[in-house]
Structures are given as C-alpha cells and as structure tokens.
Amino acid sequence: SQARIGLIGLGVMGANLSLNIADNGFPVAVYNRTSSVTDEFVASSGDLADKLSPAHTLEALVASLTTPRAVIIMVAAGAVDAVIDELKPHLDKGDMIIDAGNANFHDTRRREAALKNDGLNFIGMGVSGGEEGARFGPSIMAGGDIASFEVIRDILEAISAKHNGQPCADHFGPDGAGHFVKTVHNGIEYADMQMIAEVYGLLRDGDKRPTAEIGKLFEAWDQGPLNSYLIEISGKVLQAVDEKTGNPLVDMIVDKAGQKGTGRWTAIEALSLGQSPSTIEAAVAGRSWSSEKETREAGEAIFADIQPQAGAETLSDADLEKALLAAKIIAYDQGIKLLAAASEEYKWDLDLASCAEVWRAGCIIRSALLDDMASAVREGLPHTQLIFAPRFAQIIREGSSALRRVVASAALRGLPTPAFSNALAYFDTMRMGRGTTDLIQGQRDFFGAHSFERTDGGKGHHGPWASDVAHSAALTD
Ligand code: 6PG
C-alpha cells in the first residue's frame, strides 16, 4: 500500500518522528542517504516495521507516496538546500516538502518562494520536544501553504502532544511564520534556562548550598507555580551523581554552553524589528561569555581581591521562587511582543494565543503557566504586554520586590544575573511613563540637529543650544 507521507533523514529526530507517525497508524516511507541506515532502522522497529516502507532512492521514496505527495525532511540545517535540490526533480506540481528542522525563517521564506515558482508547496515546520517529544508527542509549529497543511493536518495533530485532549500542532501563517514561532520558542527556552542557572549560581556560590540540595529545591518548586519541564529536568540534572568520581555530575561538566543559533536568531530578528527582548539577549550573552573560559579564569586571578560588599542579604527560597516566576513571565512577555511585531512586519496575522496554546505540552518550554498565558492572550493583552494582563500584573506586582532583592543581593555579592537584571530593568522601564531619553534626544539634536518633539506639542524642533557653540569651538582649537 502507498504511504501518505515520506521522511528523509533518519537521525534521532527523523527516526523518532517516523516511529511516531507509524505508531499513530499512518504508513510512512523512509529514506536515508546511507541505505544501510534505512534498512537497520526498519529492521529494528519491531511491531511498527509493517507501517514503515524503506526506500533506497529518492525516486523510490516518491513513487511510494499517494498524491499530492508530502515529504518531511529532517536533516542538518546546512543540508536542507541540497536535499531539496535532489528531491525536487522527482516531484510533481502540487506536491509538498516539509522542513521539520530548526531553520532560520529567512531561509524558509526564500525556499518557499523558490519552490512556489516550480509549482511546489513548502511547509516550514518547527518541531519541539527533543528526542522524546519526536517519538511520543512534540509541539508542532507550521507555516506555509495552508491548503497543503490541511492535507496533512490529521497526521500532524495525531502525532503531536495533547493538552487536555487538544493537539499541540497548528499552522500559524504563510512562508516562514512557523519557523519564526519555533525560533521565538527557542529564544524563550534560552531565557528560561539562563534564569534557572542564575538561581543555581546564587545558591551554589552565594549560599554554598550542596548541589543535590539545590536539585531537591527545584524538585519542590516543580510542584508549585513554577511547574515546568525545565525546572523538572534541572532538579534531576542537579541530583545526578557521577559514576566515576561520586561527585555531582554537574560538577564534572565544563561550564561552556553550546548554541546552535536559534537563540541568537531570536535576538537578531528582534533587533531588526526595533524590539529588544532583553532577557533572551542576556541568555545568548551568557552562553557566549561562558565559552570564553580561559579569559574568565584570567579575570578571576586579576580581580581575586574583590570581595562581596556589605549589605548583601541571604535570600530566602521563597524570594528566589517568586523572583524566578516574575522574571520568567517577563521573558514570555518579551517573546510574545516579538511575535506580534514580526506578524505585523511580515503580514502573517499570527494568532498569538494559539502560539501559547501549542506550547502548553510537548515542547521544551511547556509549563503550568502557559495555560494561563494562553487565556490572557486570548482575552487580549493591553498594549501587547503580557505583564499588563490583570492576572500577570498581580503576580509581577508581588514578585517584583523579590526580584529586586535578588538582583540587589546578586550585585552586592558579585554574582552575575544578566537575565534577572535585564528582566527587572525592562519591567521598571515599562512602568515609568517618563523616562530619560529626553536627554538623549537633546544630545542628538545638539550634535546632529536630529530634532525633537516638544512635550507641549509639535515635532521637528531644534535647540537652541546657542551657549555651547563657543565651548565646542574651544574644544576643536
Ligand atoms: C526543542 C529544542 C531543540 C534543540 C535546540 C536547542 O524545542 O526541542 O529547542 O530544537 O534542543 O536545537 O538549541 P541549542 O543547541 O542552541 O541550545
């Protein structure tokens, strides 16, 4: 029998996604560049083997599909163009290619436009949830031709994670919309991870708490409002013991963070859109700085004399929990605002509530908070600010004093908390009707005649800054 869907690329993610599709009753044709990988995969798939048809050539893969054909590609980001070029000649007008990897949405837009010229449809589809998610239920964020998406919607919904029975899979808009939503998901993932690591640092270096005890604290927090996948696994990571040395395993890990690029893309795209998701930027910075380990070690020697300042409070666990909750909400606020800005720029008409809804299960940032966030977005966010929505404004109001104590204490103790600090600076900026950029406008007008808007009305004003002409002249003499 013919398969409704094909998949190219049997790495861990592709293999698990194929098994998931087969497990949900859909026959799937699978292909890997190295044929032995394909054969071994099918041979080792037990009861699911009869739903998997191995193909040794792309021609055979395409021939085994019903029309319009749907082929998922799950390969390394750098190989996507080459695979599309190889696959394209075998497809007919109306067929679709689905890129399920983490792609830069600009690439997705380019590919979608190019394939459209050939009469082919392209779906850029973000898939979150790691290996486990791919096998048993990921969160799926698709973009591209809606009619094509509808052809495979039942398959995607079936294989996706469910939140109270509702599938965490959706189509968000044309061209790169799905991959953009996935990118912002990853940006938030970076911020979430960074903030948890900052709490770990305060407890480890500030309070000298044993690693496993910090793990236990996270485990306890996972039962409360911070309940989330990332808090859960952080508790487990901190309690793991190294078999070789008996030390906490995390102590044996070199503190240099890897990054494949999605967090950085989030920050870059945000900046291009005139946005600044400072918590995500801080998380990207934290990873980048971490890679300069030798420099940091040199810095530690140069500044070894710097001691914690007087007045640094020891923080209560409850303060840390509240601060983490508040900062996390601020990170989501920034992510959602970025989605709104991109939607406007690229005319995607993104359903922001639906973004929060597909993140409720299956993905890496899934958490108890997301259900409430989705409802708040559905009700309409004042000024597109999640932190202004009444239910979140209340949490932030309560949490902000804890956040202040955490940031102040960290600063006095000399412990870096870039994401927490940036969350607080953003919050304090957004609740201050009159800021300090009147001076910046004055400076710009002074040196560059950039003009300013007056508080009593009217744009295009200049100085006069006459008294400084003589002074400036003196400086240049
Ligand atoms: C997910 C993850 C996944 C992957 C990222 C992590 O949603 O399942 O985000 O896509 O783990 O590649 O990115 P870094 O390697 O940049 O941390």
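Reader: Before we start, where do the domain bounds come from?
Author: Domain bounds come from an automatic or database domain assignment. The model itself is predicted.

Reader: Which domains is the protein divided into?
Author: Domain 1 covers 5-175, domain 2 covers 182-430, and domain 3 covers 439-476.

Reader: Which domains does the shell around the ligand draw on?
Author: At least three residues of the shell come from each of domain 1 and domain 2.

Reader: How many residues surround the ligand, and which are the closest?
Author: The ligand has 13 residues around it. S128, N186, Q259, K260 and I364 are the closest.

Reader: Which helices supply at least two residues of that shell?
Author: α8 does, and so does α11 (262-272).

Reader: How does the shell split by class?
Author: Nine of its residues are polar, two are nonpolar and two are charged.

Reader: What confidence does the predictor give?
Author: For the complex, ipTM is 0.97 and pTM is 0.96. The protein has an average pLDDT of 96, and 97% of the residues score at least 70. One caution: predicted coordinates should not be read in detail where pLDDT is low.

Reader: Back to the domains. How many residues of domain 1 are in contact with domain 2?
Author: 23 residues of domain 1 are, and they meet 18 residues of domain 2.

Reader: Which elements supply the domain 1 side?
Author: At least two residues each come from β6 (121-128), α6 (130-136), β7 (139-144), β8 (162-163) and β10 (169-171). β7 gives the most, with three residues.

Reader: How many of the residues on that side are charged?
Author: Two are charged. Another 12 are polar and nine are nonpolar.

Reader: How far apart do the C-alpha centres of domain 1 and domain 2 lie?
Author: Those two centres are 32 Å apart.

Reader: New topic, α8. How many residues has it, and how far does it reach?
Author: Helix α8 runs over residues 177-206, which is 30 residues. From first C-alpha to last it reaches 42 Å, close to the expected 44 Å.

Reader: Is α8 mostly covered or mostly uncovered?
Author: Mostly covered, with 25 of its 30 residues buried.

Reader: What follows α8?
Author: K208, with a positive phi near 55°.

Reader: And R204, which helix is that in?
Author: R204 sits in α8.

Reader: Why is R204 partly exposed, and not buried?
Author: Because R204 has 19 other C-beta atoms within 10 Å, while a buried residue needs 20 or more.

Reader: What is R204 in contact with, leaving aside its neighbours within four places in sequence?
Author: R209, T211 and I214. I214 is 10 residues from R204 along the chain, and their C-alpha atoms are separated by 7.8 Å.

Reader: Which residues of α10 are buried?
Author: In helix α10 (residues 229-239), the buried ones are Y229, L230, I231, S234, G235 and L238.

Reader: What covers them?
Author: The cover includes α8 and α9 (211-221).

Reader: Last one, α14. How far does it reach?
Author: Helix α14 (residues 317-346) reaches 43 Å from its first C-alpha to its last, close to the expected 44 Å. Its residue count is 30.

Reader: Why call α14 largely enclosed?
Author: Because 22 of its 30 residues are buried.

Reader: And what comes after α14?
Author: K347 follows α14, and its phi is positive, near 55°.

Methods:
Residues numbered from 1 in each chain as written. Predicted model: local features only at pLDDT ≥ 70, side-chain atom pairs only at ≥ 80, totals over all residues. Helix = DSSP H or I, 4+ residues; strand = E, 2+ residues; numbered from the N terminus. Expected span 1.5 Å × (residues − 1). Buried ≥ 20, exposed ≤ 12 C-beta atoms within 10 Å, placed from the backbone. Contact = placed C-beta atoms within 7 Å. Nonpolar A, V, L, I, M, F, W, Y, C, P; charged D, E, K, R; others polar. Near = placed C-beta within 6 Å. pLDDT = per-residue confidence, 0-100.
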